[in-house]
Amino acid sequence: MTETSITPNAVAAVSEARQWDRLMQMARLGAFRGGDGSEGVNRACLTPLDREARRLLIGWGQAIGLTPSIDALGNLFLRSEGTVPGLAPVLAGSHMDSQPAGGRFDGIWGVLAALEAVQALHEAGVSLARPIEVVAWTNEEGGRFAPGCMGSMAYAGHSAADSWDAVTDSHGVSFGEALREHLAKEADLPRRPLGGAPHAYVEAHIEQGPQLEAAGLDIGIVTGIQGSRWFLVELLGASAHAGTAPVSMRRDAVQDMVRAITALNALMADPTDVLRFTVAKIEVEPNSSNSVAERVRFTIDFRHPDAAVLTARGDAIEATIRGAVRHCDVTVTERFHALPVEFHPAVTGAVERAAAAQGLKAVRMPSGAFHDAQFMVPLCPSGMIFIPSYRGISHNPAEYSSPEQLVRGARVLAQVLAELARD
Ligand SMILES: [Zn+2]
């Protein structure tokens with residue numbers, strides 16, 4: 001088969017109906033109805049529902065001859081062999097867990113698009129030198145166990161495999177316990193060593209932003225991902241009676257939190273509006289309207305595409321808080337740190353060529369959200385393919401991309417995989 005005939009056959013074999021049907025079957029696992037009537041998904045990682053979804057995927061993979069295996073973090077791989085022994089595989093996938101009130105497409109589509117692309121390559125009779133492995137990373141969302149991306153971080157050696165053993169979910173179950181239980185239940189699957197040296201990594205994902213839809217485009221050629229730093233801040237003062245304790249004698253944790261956030265807003269001020277600074281989770285104790293707050297915990301989510309800004313302002317967070325509070329003891333813990341990454345031209349170029357060959361309208365764009373692909377960058381040439389998201393809505397039951405938009409993404413992925421795995 002000549003090179004020019006390979007990809008059109010495989011691209012034509014990518015099935016819109018089959019991919020959509022699988023997405024909807026997956027969406028039943030954890031389905032719930034949102035307030036506006038839309039259908040959402042709540043499928044937390046390492047739960048029985050997560051296992052059911054993984055088994056469904058494994059069944060579809062085995063039906064086309066793929067071999068499953070899992071590693072110590074529960075990352076799941078479905079391997080399609082190449083024709084030349086010993087070559088490093090091309091990895092393609094995403095994650096299967098969802099946010100607690102998530103949608104039907106975030107993550108799971110990237111896994112199913114990879115499966116669809118591999119199946120189309122098989123059906124078109126394309127033989128590729130390199131193996132392709134469909135991968136589903138454990139706990140990308142961080143909804144049950146924070147932070148997210150544990151599976152890909154451990155695989156890539158960004159963090160040690162036992163880094164999060166003591167992290168607990170809202171029921172007090174630790175990640176270590178949940179993982180041990182999961183691995184015991186999946187003991188029939190072949191185990192593989194954690195980590196590897198892939199030839200390339202490609203992740204298809206919904207945009208989760210409004211730009212592609214607003215511009216009437218089909219494909220986002222993702223150029224990179226901005227960096228993120230997450231902090232947990234704890235302020236410890238003293239509780240007192242709201243009616244009797246003189247204000248001058250209080251150690252009021254809420255008032256110190258207000259001082260801290262005001263100072264942080266000044267630190268994070270950015271006239272260019274590129275910097276993202278968010279305080280969105282606040283816990284107050286005793287959380288009573290007539291008791292002075294003894295303790296406040298709040299989170300900081302800070303993102304920027306420039307590593308220098310991310311480092312300088314992120315490193316100034318603790319001193320800024322300490323300089324602002326008047327009465328409380330301060331503890332600042334950094335819980336997540338991912339530097340900005342740029343994707344590799346071998347992958348962005350392949351995505352661009354595939355979209356152009358298929359007559360699709362594509363644009364180069366950065367990702368504001370983080371993804372597993374971020375952690376693969378130090379390991380191998382990596383990149384992402386975005387498709388439009390309805391109104392940019394995500395982490396929400398109203399999240400939607402149409403079967404046509406989704407199949408265009410899978411077709412581009414099929415062509416990209418054919419290019420990356422051919423030699
Ligand atoms: Zn995702």
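Reader: Before we start, what counts as a salt bridge here?
Author: A salt bridge here is a side-chain nitrogen of Lys or Arg within 4 Å of a carboxyl oxygen of Asp or Glu. Keep in mind that this is a predicted model.

Reader: Ok, so how far apart are the closest N and O atoms of Glu116 and Arg22?
Author: They are 3.7 Å apart, and the two residues form a salt bridge. Glu116 belongs to helix α4 and Arg22 to helix α2, so the pair links parts of the chain that are distant, 94 residues apart.

Reader: Is Glu116 buried or exposed? And Arg22, buried or exposed?
Author: Glu116 is buried, with a relative accessible area of 0%. Arg22 is buried too, at 7%.

Reader: Which side chain does Arg18 meet in a salt bridge?
Author: That of Glu123, at 2.8 Å from N to O. This pair also links distant parts of the chain, with Arg18 in helix α2 and Glu123 in helix α4 (residues 108–123), 105 residues apart. Glu123 counts as partly exposed, at 47% relative accessibility.

Reader: How many salt bridges does a search of the whole structure find?
Author: It finds 26. There is also a network of salt bridges that links Glu234, Glu283, Glu285, Arg295 and Arg297.

Reader: Let's zoom in on that. What does Glu285 do with Arg297?
Author: Glu285 forms a salt bridge with Arg297, and their closest N and O atoms are 3.4 Å apart. Glu285 sits in strand β12 and Arg297 in strand β14 (residues 295–304), twelve residues apart. Glu285 is partly exposed, with a relative accessible area of 32%, and Arg297 is partly exposed at 23%.

Reader: Any odd backbone around there? What kind of peptide bond joins Glu285 and Pro286?
Author: A cis one, with omega about 5°. Pro286 is in the loop between β12 (282–285) and β13 (291–292). Another cis peptide bond runs from Ala146 to Pro147, where omega is near 0°. Pro147 lies in the loop between β6 and α5 (150–155).

Reader: I'd check phi as well. What's phi for Leu46?
Author: It is positive, about 60°, although Leu46 is not a glycine. Leu46 is in the loop between β2 (39–41) and α3, and it is buried, with a relative accessible area of 2%. Gln208 also has a positive phi, near 65°, and is a residue other than glycine. You'll find Gln208 in the loop between β7 (200–206) and α7 (211–215).

Reader: Why does Gln208 count as buried?
Author: Because its relative accessibility is 18%, and buried means under 20%.

Reader: Switching to the metal. Which residues are the protein donors of the zinc ion?
Author: His95 through NE2, Asp106 through OD and His205 through NE2, lying 2.0 to 2.2 Å from the ion. Along the chain the donors follow the spacing H-x10-D-x98-H. His95 is in strand β5 (residues 90–95) and His205 in strand β7, 110 residues apart, so that pair links distant parts of the chain.

Reader: Are those histidines buried or exposed?
Author: His95 counts as buried at 0% relative accessibility, and His205 counts as buried at 1%.

Reader: What about empty space? How many cavities of 30 Å³ or more are there?
Author: The structure holds two. The largest has a volume of about 40 Å³. Its lining includes Leu23, Met26, Met96, Asp97 and the zinc donor Asp106. Helix α2 (residues 16–27) gives the largest share of that lining, three residues. By class, the lining divides into six nonpolar, two polar and four charged residues.

Reader: And what lines the second largest cavity?
Author: Cys45, Asp50, Arg54, Met96, Asp97, Ala136, Trp137 and Asn139. Two or more of these residues come from each of α3 (48–63) and β6 (132–137). The space inside is about 40 Å³, and the lining has four nonpolar, one polar and three charged residues.

Reader: Pockets now. What's the volume of the second largest one?
Author: About 260 Å³. It is lined by 18 residues, and the closest to its centre are Ala44, Pro100, Gly143, Arg144 and Ser170. The lining divides into four nonpolar, nine polar and five charged residues.

Reader: Last one: what does UniProt list for residues 224–321?
Author: An unreviewed UniProt entry lists "domain: Peptidase M20 dimerisation" there. Over those residues the chain is 30% helix and 34% strand, and the end C-alpha atoms are 31 Å apart.

Note on methods. Residues are numbered from 1 along each chain as its sequence is written. This is a predicted model: local features need pLDDT of at least 70, side-chain atom pairs count only at pLDDT 80 or more; totals for chains, interfaces and linings use all residues. Side-chain values use heavy atoms; hydrogens and water are left out. On a 1 Å grid over the protein atoms alone, a cavity is a set of points where a 1.4 Å probe fits but cannot get out, and a pocket is an open set with protein on both sides within 12 Å along at least five of seven lines; lining residues have an atom within 4 Å of a point. Grid points are joined across faces, edges and corners, and a volume is the space filled by probe spheres set on the points. Ala, Val, Leu, Ile, Met, Phe, Trp, Tyr, Cys and Pro count as nonpolar, Asp, Glu, Lys and Arg as charged, and the others, Gly among them, as polar. Helices (H or I, at least four residues) and strands (E, at least two) are DSSP runs, numbered from the N terminus. Buried means under 20% relative accessible area, exposed over 50%, partly exposed in between (1.4 Å probe, protein chains only). Donors are N, O and S atoms within 2.8 Å of the metal (3.2 Å for Na, K and Ca); water is not among the atoms, so sites may look incomplete. UniProt positions are given in the numbering used here, feature names are shortened, and annotations may be inferred rather than shown by experiment.
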